[in-house]
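Trainee: I'd like to zoom in on one part of this protein and really get to know it. Could you walk me through a sheet and the things packed around it?

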Amino acid sequence: MDKLFTKQPSQNITSRRRFLKASAATTGGLVIGFNLTIGGRLATAQDAMAPVAAKGPNLNQPNAFLRIAEDGAVVVQVKHIEIGQGVLTSLPMLVAEELGCDWSKVRSELAPAAPVYSHTAFGMQITGGSSSVVNSWVQLRTVGAMARMMLVSTAASRWKVDAAKCRVANGMVIGPAGQKAAFGELADAAAMLPTPEKVALKSVKDFTLIGKPTKRIDAPAKVDGTAKFGLDITAKQIPNLHTALVAHAPIFGAKVKKFDASKVNGISGVTHVVQIESGVAVVAKSFWAAKNGRDALQIEWDLEGGSTADTAKMSKQYADLAKTPGVVAKKGNPDAVKGAVKSLVAEFELPYLAHAAMEPLNCTVSVAGDKCELWVGSQLQTLDAAAAARVAGVPVQNVKLNTMLAGGGFGRRTNLSSDYIVEAVEIAKKVGVPVKMVWTREDDMKGGSYRPMFAHRVEAGLDAANKIVGWNHTVVGQSLVAGTVFEGGFVKEGVDATSVEGIVDTPYDIPNMHTTLHTTKNGVPVLFLRAVGHTHTAFAMETTMDELAKLAGQDPVAFRRGYLAKQPRVLNTLNLAAEKANWGSSLPKGRARGVAVHESFGSVVAHVVEVSMEKGALKIHRIVSAIDCGLVVNPLTVTAQVESAIVYGMSAALYGKVSLNDGVVEQSNFDSYPVMRMTEMPKVEVYFVPAGEAPTGVGEPGMPPIAPAIANAVFALTGKRLRSLPLDLASLKA
């Protein structure tokens, strides 16, 4: 999946431009808007909306990516949602670098849903795959360069000098004789010029902002509470706003047979009880009234045809299936292992995982006549807007989706079925009032979508020289994209690329590597989770490499180096982490280190983890991380994202598990699905590998290697190999 997200498509920009005089936010000044091209041709509405909608907004109506106001304020429209990853700062930095503006005057806004804001690799507006900066790298720098040239041309004309002899600095155009004009005073006149057909972008060596630690634009508002998330929408913003909660079936696929709302009618604040496709909705004047009303509902469910998935039974089924060959994902010589002098068999089990974002899912909707407006933290605005249009029964061009800040997503808001969007619109249409539909954390934990459960089985062997001679790898689990709009792009000849990424494209030069896949079905809804397939493949790969190093009698870092000669980026990242962690040096008694390195989303991350056992419990003291993500736009953001990925990955490694008993999910909130606490966090150090002239992914690559690094450290400390997640730390006490 990461290969598609990090694809570098054509990012040509046409010279078509209009001014958004009708916009309340635009009161004069310079506006830069443009159309995208895909594969060298002008993008169409069908590119952005297909296949869910045949018709969409007209792409010849360019939206503003940049506004320069008369007071000098620079406002950048950010097409990717802000879910904590820092795009409201890093993307404006791309514009500001080329524009040469005063950074203190830069502001950022989340762009609404519109095809002109489509991801150039996907033809739809989406935030995912650690691709926001990658996708905008050329695009937004070009916007800044366009505006710079227009401002310089305006000033040069006013001064009657050669534009080539003018320069920009800190929001000013400076002439050859020292003349100065602020961007704001030039903006109106610059707006009358034609957009430059071609622009020259800066060389990396000339950057003055990109690469510098830069404080986040959105931080002050998030600290003082003025930042508005989807859950913050109130009746002050939308008159007569109601809150809705939905009672969902106890198992996936069950339907409402009948319901009794007689006990709900007397609850103060409740205004409507309506059946919808996915359950029964209670609508009220407040959240607690809606919740109390939902609790009082009496529903009889038709369980026929519902999922009876049971993870205890699935565990054995998956393990047995992994012992048989599946569909070939990577062809090697499966018989090569038979000639090994030393060999091992390693079986891995990885559970369903919940996304567990801090802000519960929510969507506010108003349906009035042939218009539908949404306020939602969507990672997939194009499909969500199209789903809203379908349910509301209005043309998709009549849907206005306002992108809100979101308190985490981790893939849950990249929802190909638009489940919570569909519910909100269906409710609002039925009750005839604006509705804020909320899924409580319990709703999402027990009835949402999950990272699939997986099993891996690896047979690998060494020759007399302790070199790998063969590697047979079988993967068992559900497809993330089967039956979705992404199936055609990811599933080839029966193999879902997201199930085997990180194995079939491993950077290790492993001879006779043979990989097969069994794709299962059981009615449990699954969805992308942060780092997608790498969340499980990295654990199997890096734990097995560690086991082979032990089998070979070699140091784990040295063993890995032997298979990375053709992969300098991976090797350099591994070496940097090892160097900064003082790999090989002595540790205090009772401590040990573990290492893992993995490539995903165009970047490489290596972790070295230092652990001990204290009072019978695992203690993680220190994590040293190295990342090669190409050119670093904002070191503060990259560091924070690596740290964030570590925390998220540690939660999955130590605690994360969704289990089902006869179709019923057993977890409901953080008491039964724990996440890392601040008191548990070790010291984390992040180092950058100097590399590249363009950025690669950052948000996800730090997660995959953390679980195997911890497991490998546990082995180094205790001699016990833990091959399943979450790690069975109780077994260490035995």
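Mentor: Sure, here is a tour of the sheet, followed by the cores and a few aromatic rings.

Keep in mind that this is a predicted model. Our sheet is an open one with 5 strands, in the order 15-25-22-21-16, and its pairing is mixed. Where does it end? The edge strands are strand 15, residues 327–330, and strand 16, residues 342–350, and each of them pairs on one side only. On average, neighbouring strands here are turned by 20° against each other, if you ignore direction.

Now follow strand 16 to its partner. Strand 21 covers residues 454–462 and runs antiparallel to strand 16, with 9 bridges joining the two. If you want a spot to click on, find S343, which stands opposite G461 in strand 21. As background, strands of a sheet pair through backbone hydrogen bonds, either parallel or antiparallel.

Next come the helices. Helix 8, residues 311–321, packs on the sheet and touches strands 16, 21, 22 and 25. Its direction makes about 145° with that of strand 22. Helix 14, residues 534–552, also packs on the sheet, touching strands 16, 21, 22 and 25. For helix 14, the angle is given against strand 16, and it comes to about 155°.

Strand 22 spans residues 468–478, so look out for I468 and W471 in the next bit. The largest nonpolar core has 74 residues, and I468, W471, F559, I620 and I710 are the ones that touch the most other members. Take F559: beyond its neighbours within four places in sequence, its contacts include L462, I468, M545, L548 and A549. Apart from this core lies another one, with 49 residues, among them A114, M150, L186 and L405. In soluble globular proteins, nonpolar side chains tend to be buried together.

Let's finish with the rings. The count of aromatic pairs comes to 11. One of them, W137 with F207, is edge-to-face, with 6.1 Å between the centres and 85° between the planes. W137 belongs to helix 4 and F207 to the loop between helix 5 and helix 6, so this pair ties together parts that are 70 residues apart in sequence. Both W137 and F207 are buried. W137 has a charged companion too: the charged end of R141 sits over its ring, 4.5 Å from the centre. Elsewhere, R721 lies over the face of F715, 3.9 Å from the ring centre. And F122, F486, F490 and F528 make up one aromatic cluster.

Definitions and conventions:
Residues are numbered from 1 along each chain as its sequence is written. This is a predicted model: local features need pLDDT of at least 70, side-chain atom pairs count only at pLDDT 80 or more; totals for chains, interfaces and linings use all residues. Side-chain values use heavy atoms; hydrogens and water are left out. Two strands pair if DSSP finds at least two bridges between them. Helices (H or I, at least four residues) and strands (E, at least two) are DSSP runs, numbered from the N terminus. Axes are lines fitted to C-alpha atoms, for helices over the stretch in contact, and angles run from 0 to 180 degrees between N-to-C directions. Contact means heavy atoms within 4.5 Å. Rings of Phe, Tyr and Trp (its six-membered ring) pair if their centres lie within 6.5 Å; planes under 30 degrees apart count as stacked, over 60 as edge-to-face and the rest as tilted. Buried means under 20% relative accessible area, exposed over 50%, partly exposed in between (1.4 Å probe, protein chains only). A charge sits over a ring if NZ of Lys or CZ of Arg is within 6 Å of the ring centre and within 35 degrees of the ring normal. A nonpolar core is a set of buried Ala, Val, Leu, Ile, Met, Phe, Trp, Tyr and Cys residues joined through side-chain atoms within 4.5 Å.
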